[in-house]
Amino acid sequence: MNRLIGVVHLGPLPGAPGFDGDFPACLAAASSDARLLAEAGFDALVVENFGDAPFYADQVPAVTVAAMTRAVAEIAEAAPLPIGVNVLRNDARSALSIAAATGAAFIRVNVLSGTMTTDQGVITGRAAEVMRLRRELGLSTAVYADVMVKHAVAPPGMTIELATADTVKRGLADAIIVSGEATGAEPDLDLVRRAAAAAAGRPVLIGSGTTEANVAALLEVADGVIVGTALKVDGVTTNQVDPARAESFVKAAR
């Protein structure tokens, strides 16, 4: 398990409302962030189309898949680390397809099992389709799945234990991700512990809110962290990676 996973937040891609027409500049910025994270000592990266808001609930357009495939390929050349793919908001099948074309090591899926109410509406997990596609493509790509994902509300009566058990035992996730309520928000450590107890031995990662100040403590509870915002210039998610912040984070984690 990669303990320190840095996020490469892609800017708006072709087809997105915020796209400025300069795709080469978007790719260059992503590759620069990837290199800085690798040089700082991160174990792996995850690439996501963060700049494409507002997001589709499920399947993204073909142009997004094409753009992300190129971005992941260029990032892999820039930084010799295991790469993950997260196609927002919840297009795991496209993420697996990108992984098949680029050799990505894992994908992140916001909702693999069950349902969550989000700003895109109700998102329904498609574990049956995702896992069958992985088998059909002959991939060894790991599936990291959020439980009770951020920027979303769980159904009444749902608990972290039920969500985790279903995601692992019935959704067949390879690792579980627990986050806070929103991007950059620290999770409740009690929820992390409860998810770990229900995860049937699968690794549990923290998906938001990790900082230089709390990473050592969080890694006493979780198997790894996925971090983005805390590594950016001025701690702003959409800014470029700050090499000093990234290096300090890794030192604190080690």
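1. Lining of the largest cavity. In this predicted model, the residues that line the largest cavity divide into 6 nonpolar, 1 polar and 3 charged. They are D58, N90, A92, R93, V109, V111, L112, R126, A127 and V130. The space enclosed is about 50 Å³, and the count of cavities of 30 Å³ or more comes to 1. Two helices, α3 (92–102) and α4 (127–137), each supply at least two residues of this lining.

2. Helix α3. One of the helices at the cavity, α3, deserves a separate entry. Its buried residues are A92, S94, A95, L96, I98 and A99. What do the buried residues of α3 pack against? They pack against two helices, α2 (62–78) and α4, and against two strands, β3 (83–86) and β4 (106–109). A92 belongs both to this buried set and to the cavity lining. After the helix comes G103, with a positive phi near 80°.

3. The largest pocket. The volume of the largest pocket is about 420 Å³. It is lined by 28 residues, and those closest to the pocket centre are E48, F50, K150, H151 and T183. The elements that give two or more residues to the lining are β1 (4–9) and β11 (224–227). By class, the pocket lining divides into 9 nonpolar, 14 polar and 5 charged residues. A reader comparing the two sites can set these numbers beside the 6 nonpolar, 1 polar and 3 charged residues that line the largest cavity.

4. The β5–β6 hairpin. Strands β5 (residues 115–118) and β6 (residues 121–124) run antiparallel and are joined by 4 bridges. They form a hairpin, with 2 residues between the strands. T118 of β5 stands opposite G121 in β6.

5. The sheet around the hairpin. The hairpin strands belong to an open sheet of 3 strands, in the order β6-β5-β8, with antiparallel pairing. Why is one side of β6 and of β8 left without a neighbour in the sheet? β6 and β8 (152–153) stand at the edges and each has a single partner strand, so one side of each has no neighbour there. The pairing of β5 with β8 is antiparallel and rests on 2 bridges. T118 appears here again: its bridge partner in β8 is A152, while in β6 it stands opposite G121. As background, side chains in a regular strand alternate between the two faces of the sheet.

6. First aromatic pair. The structure holds 2 aromatic pairs. In one of them, the rings of F42 and F249 have centres 5.8 Å apart and planes at 10°, so the pair is stacked. F42 lies in the loop between α1 (23–40) and β2 (44–48), and F249 lies in helix α8 (residues 243–253); the pair thus links distant parts of the chain, 207 residues apart. Are these two residues buried or exposed? F42 counts as buried because its relative accessibility is 3%, and F249 is buried with a relative accessible area of 1%.

7. Second aromatic pair. The rings of F106 and Y144 are also stacked, because their centres are 4.4 Å apart and their planes are at 15°. F106 is in strand β4 and Y144 in strand β7 (residues 142–146), so this pair ties together parts that are 38 residues apart in sequence. F106 counts as buried at 1% relative accessibility. Y144 is likewise buried, and its relative accessible area is 7%. The strand that holds F106, β4, is also among the elements against which the buried residues of α3 pack.

8. L27 in helix α1. L27 has its place in helix α1 and counts as buried at 4% relative accessibility. Which residues is L27 in contact with, leaving aside its neighbours within four places in sequence? The contacts are R70, A71 and E74. For M68 there is a distance: L27 and M68 are 9.7 Å apart in space, C-alpha to C-alpha, and 41 residues apart in sequence.

Key:
Residues are numbered from 1 along each chain as its sequence is written. This is a predicted model: local features need pLDDT of at least 70, side-chain atom pairs count only at pLDDT 80 or more; totals for chains, interfaces and linings use all residues. Side-chain values use heavy atoms; hydrogens and water are left out. On a 1 Å grid over the protein atoms alone, a cavity is a set of points where a 1.4 Å probe fits but cannot get out, and a pocket is an open set with protein on both sides within 12 Å along at least five of seven lines; lining residues have an atom within 4 Å of a point. Grid points are joined across faces, edges and corners, and a volume is the space filled by probe spheres set on the points. Ala, Val, Leu, Ile, Met, Phe, Trp, Tyr, Cys and Pro count as nonpolar, Asp, Glu, Lys and Arg as charged, and the others, Gly among them, as polar. Buried means under 20% relative accessible area, exposed over 50%, partly exposed in between (1.4 Å probe, protein chains only). Contact means heavy atoms within 4.5 Å. Two strands pair if DSSP finds at least two bridges between them. Rings of Phe, Tyr and Trp (its six-membered ring) pair if their centres lie within 6.5 Å; planes under 30 degrees apart count as stacked, over 60 as edge-to-face and the rest as tilted.
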